[in-house]
Amino acid sequence: MVSDLQPLPWQAPLLSTLRQQQAAGQLGHALLITGPAGVGKRHLAHALVAASLCEQGGDSACGTCPACARLAAGSHPDRQWLQRRADDKTGKLRRDISIEQIREMIERVMLSAQYGRGKFVLIDPVDALNGAGRNALLKTLEEPPAETVLLLISERPLELPATVRSRCRQLRLAPPPAAEAAQWLSRQGHDAQLLPWAGGAPLQAAAWSESQQGAHFQRWAQGLTAIARGRTEPLALAAEIGRDEVAGFVEWLIRWLHAELRRALTNETSVVPAAWLEPVVVEALAARGQLAGNVNPQMVLESLLILWWRQARLAARGVQSR
């Protein structure tokens with residue numbers, strides 16, 4: 001099990017640099033940490049907070065002092081971690097981080113740090129703030145409380161208002177070197193062969209390994225290739241995937257399409273040329289957003305696969321993509 005108090009192996013040099021900047025007063029009051037799912041954005045944020053609040057004051061948290069114990073227990077008063085809460089009736093995660101959560105956060109950061117090592121707020125993900133929440137956050141960014149650092153996690157920073165982005169220092173995390181990521185996965189007992197499916201993101205590969213998704217990915221890739229080659233119909237694959245697997249399929253599809261797009265743009269063998277892939281990438285990203293709302297997952301899936309079939313037919317006939 002990976003500890004939130006320690007950086008992932010490939011993050012240690014970056015964390016050390018951030019700690020040096022922090023000591024020199026150059027970290028800033030708001031850090032917007034971005035990057036694809038599974039590269040360790042949240043892990044870096046937690047490790048930075050842990051190192052900052054640790055009583056040993058090193059580049060990373062010691063894991064044994066009282067402050068680290070409080071962090072591990074989720075009870076440190078100088079750290080707030082805002083996430084989407086579960087609905088009281090359904091038990092499912094709500095779509096938004098509520099304005100009430102932001103107001104509670106603002107009230108707490110106005111107080112002095114209880115242990116004198118600063119106050120830290122993680123908003124995870126900041127994309128989940130609604131309009132009112134973003135406006136309240138903007139006011140806090142414009143007039144940051146003393147000794148407070150806000151760590152904002154986002155996979156889609158361009159969807160945030162420019163006024164929010166401009167008031168943050170942005171830090172984009174990329175996947176680590178493939179060999180290092182594969183070695184880490186193997187040490188953790190995960191299937192390193194899933195790393196390419198995950199676009200090089202090791203935490204996503206680890207999550208898929210735990211859920212034993214590898215066989216599904218192979219079947220889905222074969223199904224998409226069969227549709228493109230005219231050997232099966234899109235609705236047949238949609239029926240095979242089923243309603244309960246739609247969200248997982250769409251997440252995998254986005255990564256698979258990006259890998260296909262990279263292959264096409266570098267003149268490697270791809271299922272469909274780049275010009276016909278781009279509309280499907282856009283539709284897959286839109287589908288991910290739709291699935292977070294109240295939609296029929298099977299209809300979203302069927303529409304996406306029909307578009308894939310249509311683009312493959314256009315590519316086969318050499319018709320210009322529109």
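Modeller: In this predicted model, a helix is a DSSP run of H or I with at least four residues, a strand is a run of E with at least two, and both are numbered from the N terminus.

Biologist: How many helices and strands does the protein have?

Modeller: The protein contains 13 helices and five strands.

Biologist: What makes the protein as compact as a globular protein of that length?

Modeller: The globule rule gives 20 Å for 322 residues, and the radius of gyration is 22 Å; the two values are close, so the protein is as compact as a globular protein of that length. Along the principal axes, the C-alpha atoms fill a box of roughly 65 × 40 × 35 Å. Buried residues account for 47% of the 322 residues. Of the contacts with a separation of 6 or more, 70% are between residues 24 or more positions apart. The accessible surface amounts to about 16100 Å², and carbon and sulfur atoms contribute 50% of that surface.

Biologist: How do you know that the span of helix 5 is close to the expected one?

Modeller: Helix 5 covers residues 131-142, which is 12 residues. At 1.5 Å a residue, 16 Å is expected, and the distance from the first C-alpha to the last is 17 Å. At the start of this helix, a side-chain oxygen of Asn130 comes to within 3.3 Å of the backbone nitrogen of Ala132. A polar contact requires a pair of N or O atoms within 3.5 Å.

Biologist: Which residues of helix 5 are buried, and what do they pack against?

Modeller: The buried residues are Gly133, Arg134, Ala136, Leu137, Leu138, Thr140 and Leu141. Their packing partners are strand 1 (30-34), helix 4 (99-109), strand 3 (119-123), strand 4 (148-154) and helix 6 (162-165).

Biologist: Why is the pair Glu155 and Lys41 called a salt bridge?

Modeller: The definition asks for a side-chain nitrogen of Lys or Arg within 4 Å of a carboxyl oxygen of Asp or Glu. The closest N and O atoms of Glu155 and Lys41 are 4.0 Å apart, and the pair is listed as a salt bridge. Glu155 is in the loop between strand 4 and helix 6, whereas Lys41 is in helix 2 (residues 41-53), so the pair ties together parts that are 114 residues apart in sequence. The whole structure holds 10 salt bridges.

Biologist: Are Glu155 and Lys41 buried or partly exposed?

Modeller: Buried means under 20% relative accessible area, and partly exposed lies between that value and 50%. Lys41, at 2%, therefore counts as buried. Glu155, at 27%, therefore counts as partly exposed.

Biologist: What joins Arg219, Glu240 and Glu245 into one network?

Modeller: Glu240 and Arg219 meet through their side chains in a salt bridge of 2.6 Å, N to O. Glu240 lies in helix 10 (residues 234-241) and Arg219 in helix 9 (residues 214-228), so this pair ties together parts that are 21 residues apart in sequence. Arg219 also forms a salt bridge with Glu245, with the closest N and O atoms 3.8 Å apart. This second pair links distant parts of the chain, 26 residues apart: Arg219 in helix 9 and Glu245 in the loop between helix 10 and helix 11 (246-265). The salt bridges share partners and thereby join Arg219, Glu240 and Glu245 into one network. Arg219 is partly exposed at 26%, as are Glu240 at 42% and Glu245 at 22%.

Biologist: How do you know that the span of helix 11 agrees with the expected one?

Modeller: For the 20 residues of helix 11, 1.5 Å a residue gives 28 Å, and the end C-alpha atoms are 28 Å apart, so the values agree. Asn267 follows helix 11 and has a positive phi, near 65 degrees.

Biologist: Why is Gln204 called buried?

Modeller: The cut-off for buried is under 20% relative accessible area. Gln204 has 15%, so it is buried. Gln204 belongs to helix 8 (residues 202-210). Not counting residues up to four places away in sequence, Gln204 touches Ala37, Gly38, Ala198 and Arg255.

Biologist: What makes Trp10 count as buried?

Modeller: Trp10 has 14% relative accessibility, set against the cut-off of under 20%, and therefore counts as buried. Trp10 lies in the segment before helix 1 (12-23). Leaving aside neighbours within four places in sequence, Trp10 is in contact with Val39, Pro176, Glu180, Trp184 and Pro202. Trp10 and Glu180 are 170 residues apart in sequence, while their C-alpha atoms are 7.7 Å apart in space.

Technical notes:
Residues are numbered from 1 along each chain as its sequence is written. This is a predicted model: local features need pLDDT of at least 70, side-chain atom pairs count only at pLDDT 80 or more; totals for chains, interfaces and linings use all residues. Side-chain values use heavy atoms; hydrogens and water are left out. The expected span of a helix is 1.5 Å times one less than its number of residues. Buried means under 20% relative accessible area, exposed over 50%, partly exposed in between (1.4 Å probe, protein chains only). Contact means heavy atoms within 4.5 Å. A polar contact is a pair of N or O atoms within 3.5 Å; within protein, one must be able to donate a hydrogen and the other to accept it, and residues adjacent in sequence count only if both atoms are side-chain atoms. The radius of gyration is taken over C-alpha atoms; the globule rule is 2.2 Å times the number of residues to the power 0.38. Accessible areas come from the Shrake-Rupley method with a 1.4 Å probe; for residues, only the protein chains shown count as cover.
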